Every structure is written in C-alpha cells, then in structure tokens.
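Good morning, and thank you for attending. I would ask you to keep the structure in view while I speak, and to look for each residue as I name it.

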Amino acid sequence: DLFEMQQWSVRPLLLPSAAMDIDQLDEARQRNFYDSVRETIICLLVALLLYLASCAIVELFRKQHTREECYSDHDDAIVYKVSAWLCAFALCVCLGSVLLLPASIVGNEILVLYPNSYYIKWLNTSLVRGLWNTVFVGCNVSLFLLLPFAYFFMESEGLSGWKKGIRSRVYETLILLVFVSILALGFAQLLSDFSGSILSPSTWLDQVPLLYSLVSMAGVVLMTVCTPLGFACIFTVLGKIIVKPKPHGFVEEEIDKLKLEEASLQRRKKLASYGSHQLSLDYNELDQSLSHLQQTRLDLERHRNSSPWERRLLYPLCFLFLLAMTLLCLLLVAVNSISLALDLTSSTPGLVMEEYLLGQASTSSLGPIGAGIETLVILYVMCAGVLGLYYNPLFKYLLPERRATSMTKMILNCILLVLLSSAFPLQVKALGLTRLNLLGWFGSIPWLSRVWLVLLYNVLFFVSTLFILSRKVSLAVLQEVSYLLKSLAFRNSTTKKSLAGSEHKH
C-alpha cells in the first residue's frame, strides 16, 4: 500500500507518455498473472479428471482381497495402497500423453475457425505448451522414480538388523533406487561417449534428458514391433466383438454338431474321473476340450440370436472402416518416407522443431475434415500399438484380468504403458501422421533431428506392417475360402434333400 501511494504520488510528476508506459506495464503484469493462474487451474482440473479415470481403471483390474487378507498386516496394507496410488498416477500420465496430440490438433482447428471468439480466449499456445511440459515431466518422474519405487516397495521386506516396519522397507527401497540410478546414469555416460556427435551431454545434469531420449527411442522401437501386429490382430478382435455374417442354416447345423460332441466329451470326462489311472491322466485335456467346445457353441448361439442388421451391416461397415484406417496410415508413412529420402541431403532436415503457435494455420490441407481424419488415424495407431503389445508372445502373460491382477503385474503393465505412451507422440511425428510440431520439451529429443535415422524407422515400420498384414490376410483368405466351400457344400446338400423329398412325395 505504501508503494502504491508513492507510485501515485510520483505519477503526476511524470510525463504523460511515461505514465502511460507504467499503466501498460501494470496491465501486462496483471494479464500475465491471471493467465498463469487460469492455466494452472485448467491443468489441475485436467489432471484431476485423468487421475479419477485412472483410479477407476486400477480398481477395475486389480485383484480384490477380502478384508482379512488386506488388513492382516498393517504394513502390507499401506504398501499396497501406496503402490495402487502410484499406478494410478502413472496411468494418468499415460492418458495425458495419448491425448496430447489429438487435443492439440482439435484445439488448433478451433482457434483457426473461431480466432476472435470470446469463449475460447483461454485456449492458447501457452496453455497447450504447459500441458505438454507437464506430461513430459510426469513421464520422466513415473519411469525413473515412482514406478521403480512402487515395484521395489512391493518386493521389499526391510533391512536386515532393523526393526520390521514401513520405515525399514522405505530405506531398503531408497537404497535400491540409488543403486539403479547410478547404474542408469553410468550407462548413459558410456553410451554418450561411444555415440560421439549424435548424443553429447556436457554435464551429469544432462544425463537425465539423454536417458529419457534413449528410453523414448526404446519405446518407439517397441511400438514398431507392436503396432503392425496390432493392425493384424484388430480384425480378429472385431470378429469377437461383432457377429460375423454366416448362413443361418449352417450355424444351426454346427450348433447341433457341437452339442453332440459336447455330450460325448462329458461322458468321457465322467468315465475318466471314476476310471483307471490312465484315463484320469487325460481328465485335464478333456476338460480343456470341453471348455473350448462350449465357448464355440456359445459364440454360434450368439450369432443365431443376433439381429440381421448386426450380421449384415454393422460388421462390414466396421471392417471397411478399420481397413481404410490401416491403408491410410500406410499411405501417410509411404509419403513421409519419400519426402525424407528427398530431404536426406538437405542441411535443414524437415523434422527440426520450430516455434509453433496454435491458430495460425490448419494442420491439414483439407481443413477441419482432414484434421479430424488425422485425429482418427492417430488414435487408431495408438489402439493398435496397445493391442499388439498384449498379442506379442513376450508380453502376453502380462495381460491384465478383471478383478484378478496382482499389484506386481499391475506395476509392470504401467511401466510398459508409460513407455509406449511417452514414445507415442515421437512415433506419430516420425511417421509423418501429422504436420503439428511437438510442443514443449518433447520437441527437443535429439534423435528426431537425424533424418537418416527417422527414414530408416519409416522403412522398417512400412515393411514390417506389410509383411505381417500379408501373412494375416493370406491365412484369413484361406480360412474364408474353406468356409465358403463348406457353406456351398451345405447348400448343395440341403437342395438335394429338398429335391429328393419333393420327388418322394410325387
């Protein structure tokens, strides 16, 4: 108050231009303060919504214990709760990292369409850049601190010679984290010494961004393996969710045949349970065969009970949509590879991240429609990557089960998902699926500026996708041909039976 009184007492003595400059400076300071407060509130609201959704996901998949199991040991209950909270935070970061690019593209199109609207003044480049930097920090904290702490905390038993309790387990976890951090930083230093000009940190403080750059590169390589596999498996998942079109009479015949086989297996299973030792050894095999037959019969009954529009219209439309998304993704990758090959000799590579302001121009030459298609392709690629991760034989055992996933398995799933989601914006930019530059610290990843490395990644992604899809399509074509032959044979047999019955009546 004293400062303001002095300021107002001095202001009449100043020139009018100097007083106007002071007023403009005060107004600019107030505007910057209110903008920072508004951006902080929006970031907190988005983080709260994502964290609540992550808590719901963790609660859906984690193993449910009885009250006696959870609280038989107070220390174990605390460790379990802390690990669940850390997993929820990691999943919150995953959701934020996945939604960064689509939300930025949509926000850019809104600013292009309504540049002077009063209701979207809060949406600006500063807010979006702050969200990107927040997610970047969250990815680093989750990968290098929180998730390793949760894993070691779950596996810890306390230091030897100390009194058993939470404090001893925390000390053991922190000591393990320090050792792992020293090993990781040493590995980053050795790799930077061997890499030369590609990766050249100057101080130990630069090792953490370098380490994240290496981890993001590993995540992009993992996405290269998982995404083509997900492209191939997503059609299989579609056939499990939506009923495929099949001849109704053929389905009825298959159901009757499966019922007879199921009754035969049940009789054999009953004999094996009361029979000799050799028969009892085959009891598990019979049980597995019986469960497989029952599941097949339930699928066919679901097909029989489904509506005609679902069989004849919904599945073909969804199949054509997924096929169009896959072909469009491959087309964009091919065009990006050609442009990178032409730009290989350029002194200014096309992937150098420049300062980008939202609302200047659309991210697509087709305008909002093209931006919407870009958003769909980006989300489709992410879904294919996650699906391919769990169809990969190396990670298939980590597939979470509803209400039956242990906390250790949940932490490992969170590590893989954070690794994939943090590398997802880099993969999208490297593949050329959007023209929007990566904002914040995501745009400072060093290996993205190496055109030959990005070109090699595009070629590997394109070739691996074509190879996996060709194998999948060839097998699917053979199955469909065999199915069509069976259906034609069934129709011929029914036609002959009907003709024979009509001749017998005559």
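Let me begin with a term: a residue is called buried under 20% relative accessible area, exposed over 50%, and partly exposed in between. Please note also that what you see is a predicted model. Take Ile41 as our first case: its relative accessibility is 45%, so Ile41 counts as partly exposed.

Where does Ile41 sit? Ile41 is found in helix α2, which covers residues 16-61. On the surface, Ile41 belongs to a nonpolar patch together with Phe33, Tyr34, Val37 and Leu45. The accessible area of these five residues together is about 510 Å².

Let us now step back to the whole chain. It has 14 helices and zero strands. Of its 506 residues, 38% are buried.

I turn next to the charged side chains. How many salt bridges are counted? The count comes to two. One of them joins Asp35 to Arg38, with the closest N and O atoms 2.6 Å apart. These two residues lie three apart in helix α2, so about one helical turn separates Asp35 from Arg38. Asp35, at 21% relative accessibility, counts as partly exposed, and Arg38 has the partly exposed label at 28%.

A salt bridge also links Arg62 with Glu59, and here the closest N and O atoms are 3.0 Å apart. Is Arg62 buried or exposed? Its relative accessibility is 17%, so Arg62 counts as buried. Glu59, at 33%, counts as partly exposed.

The aromatic residues come next. A pair of aromatic rings is described by the distance of the centres and the angle of the planes. A search of the whole structure finds seven aromatic pairs. In the pair of Tyr457 and Phe461, the ring centres are 6.4 Å apart and the planes stand at 40°, so this pair is tilted. How are Tyr457 and Phe461 placed along the chain? They are four residues apart in helix α14, residues 451-505, and therefore about one helical turn lies between them. Both Tyr457 and Phe461 are buried. Ring pairs also connect them with Phe231 and Tyr380, so that the four residues are linked into a cluster.

We now come to empty space. Rolling a probe the size of a water molecule over the atoms shows where such space is left. The second largest pocket holds about 670 Å³ of space. It is lined by 29 residues, and those closest to its centre are Val46, Ala47, Leu50, Leu131 and Val135. Which elements give two or more residues to this lining? They are α2, α4 (74-113) and α5 (125-155). The largest share, 11 residues, comes from α4.

My final example is Ala218, which is located in helix α7, residues 207-241. At a relative accessible area of 41%, Ala218 is partly exposed. How far from Ala218 is Ala423, in sequence and in space? The two are 205 residues apart in sequence, and their C-alpha atoms are 8.2 Å apart in space.

To close, I return to helix α2: it holds Ile41, and it also gives residues to the lining of the second largest pocket. Thank you for your attention.

Conventions. Residues numbered from 1 in each chain as written. Predicted model: local features only at pLDDT ≥ 70, side-chain atom pairs only at ≥ 80, totals over all residues. Heavy atoms only, no water. Buried < 20%, exposed > 50% of the residue type's maximum accessible area, 1.4 Å probe, protein only. Phe/Tyr/Trp six-rings, centres within 6.5 Å; stacked < 30°, edge-to-face > 60°. Patch = residues over 30% accessible without salt bridge, like charges linked within 9 Å, V, L, I, M, F, W, Y side chains within 5 Å. Areas by Shrake-Rupley, 256 points an atom, 1.4 Å probe, with all protein chains shown as cover. Salt bridge = Lys/Arg side-chain N within 4 Å of Asp/Glu carboxyl O. 1 Å grid on protein atoms, 1.4 Å probe; cavity = no way out; pocket = protein on both sides within 12 Å on 5 of 7 lines; lining within 4 Å. Points joined across faces, edges and corners; volume = space filled by probe spheres on them.
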